Amino acid sequence: MCSAGKDFVLIEHNGRVMRCYGIAVDLGNIFEGEIHLFKKAEPCTADICPCPYYGLRCARGTPKVI
């Protein structure tokens, strides 16, 4: 389970709020005043997780070292 989108998010320069670097889940825009955070941790759907908080720990499948 990954708490991206619940406990922390990615905010782009244009105000767009995303779940994280690797998952393009749109959660709203801070400049438009609407942000919809997850109520609970959700599974990560990334094959290779770029998250600086969780990394490969939450990526689905067997971690691939490149």
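The following dialogue asks why the parts of this predicted model are called what they are.

Student: What should I know before reading the values?

Tutor: This is a predicted model in which local features need pLDDT of at least 70 and side-chain atom pairs count only at pLDDT 80 or more, while totals for chains, interfaces and linings use all residues. Residues are numbered from 1 along each chain as its sequence is written, and side-chain values use heavy atoms, with hydrogens and water left out.

Student: How many helices and strands does the protein have, and what makes a run of residues a strand?

Tutor: The protein has 0 helices and 4 strands. Helices (H or I, at least four residues) and strands (E, at least two) are DSSP runs, numbered from the N terminus. Strand β1 covers residues 10–11 and holds I11, so this run meets the minimum of two for a strand. Along the sequence the pattern is β-β-β-β.

Student: How do you know which strands pair?

Tutor: Two strands pair if DSSP finds at least two bridges between them. β2 and β3 are antiparallel partners over 3 bridges, and V17 has G28 in β3 as its bridge partner. Strand β3 (residues 26–29) and β4 pair in the antiparallel sense over 2 bridges, so that pair meets the cut-off. In β4, E34 stands opposite N29.

Student: In what order do the strands lie in the sheet, and why are some called edge strands?

Tutor: The 4 strands form an open, antiparallel sheet in the order β1-β2-β3-β4. β1 and β4 (34–35) are the edge strands, as each pairs on one side only. β3 and β4 also form a hairpin with 4 residues between them, and G33 in its turn has a positive phi of about 80°.

Student: Why is A46 called buried, and D47 partly exposed?

Tutor: Buried means under 20% relative accessible area, exposed over 50%, and partly exposed in between (1.4 Å probe, protein chains only). A46 has 7% relative accessibility, so A46 counts as buried. D47 has 43%, so D47 is partly exposed. A46 is in the segment after β4, and so is D47. In the protein, buried residues make up 33% of the 66 residues.

Student: How far is G22 from A46 and from D47 in sequence and in space?

Tutor: A46 and G22 are 24 residues apart in sequence and 6.5 Å apart in space, C-alpha to C-alpha. For D47 and G22 the values are 25 residues and 9.2 Å, again C-alpha to C-alpha.

Student: What makes K6 and D7 a salt bridge?

Tutor: A salt bridge is a side-chain nitrogen of Lys or Arg within 4 Å of a carboxyl oxygen of Asp or Glu. The closest N and O atoms of K6 and D7 are 2.8 Å apart, so the pair qualifies. K6 is partly exposed, with a relative accessible area of 32%, whereas D7 is exposed at 53%.

Student: How many salt bridges does the whole structure have, and which residues meet at 4.0 Å?

Tutor: The search finds 2 salt bridges. The side chains of D26 and R16 meet in one at 4.0 Å, N to O. D26 lies in strand β3 and R16 in strand β2, so the pair ties together parts that are 10 residues apart in sequence. D26 counts as partly exposed at 48% relative accessibility, and R16 counts as partly exposed at 31%.

Student: Why does R19 have no salt bridge?

Tutor: The nearest side chain of opposite charge, E42, is 6.3 Å away from R19, and the cut-off is 4 Å, so no salt bridge is counted. R19 is buried and lies in the loop between β2 (16–18) and β3. The side chain of R19 reaches the backbone oxygen of A4 at 2.9 Å.

Student: Which residues make the nonpolar surface patch, and what makes I11 fit in?

Tutor: V9, I11, I30, F31, I35 and L37 make a nonpolar surface patch of about 530 Å². Patches are made of residues with over 30% relative accessible area and no salt bridge: like charges are joined within 9 Å, nonpolar side chains (Val, Leu, Ile, Met, Phe, Trp, Tyr) within 5 Å. I11 has 45% relative accessibility and counts as partly exposed, so I11 passes the area cut-off for a patch.

Definitions and conventions
Accessible areas come from the Shrake-Rupley method with a 1.4 Å probe; for residues, only the protein chains shown count as cover. Lys and Arg count as positive and Asp and Glu as negative; His and the chain ends are not counted. A polar contact is a pair of N or O atoms within 3.5 Å; within protein, one must be able to donate a hydrogen and the other to accept it, and residues adjacent in sequence count only if both atoms are side-chain atoms.
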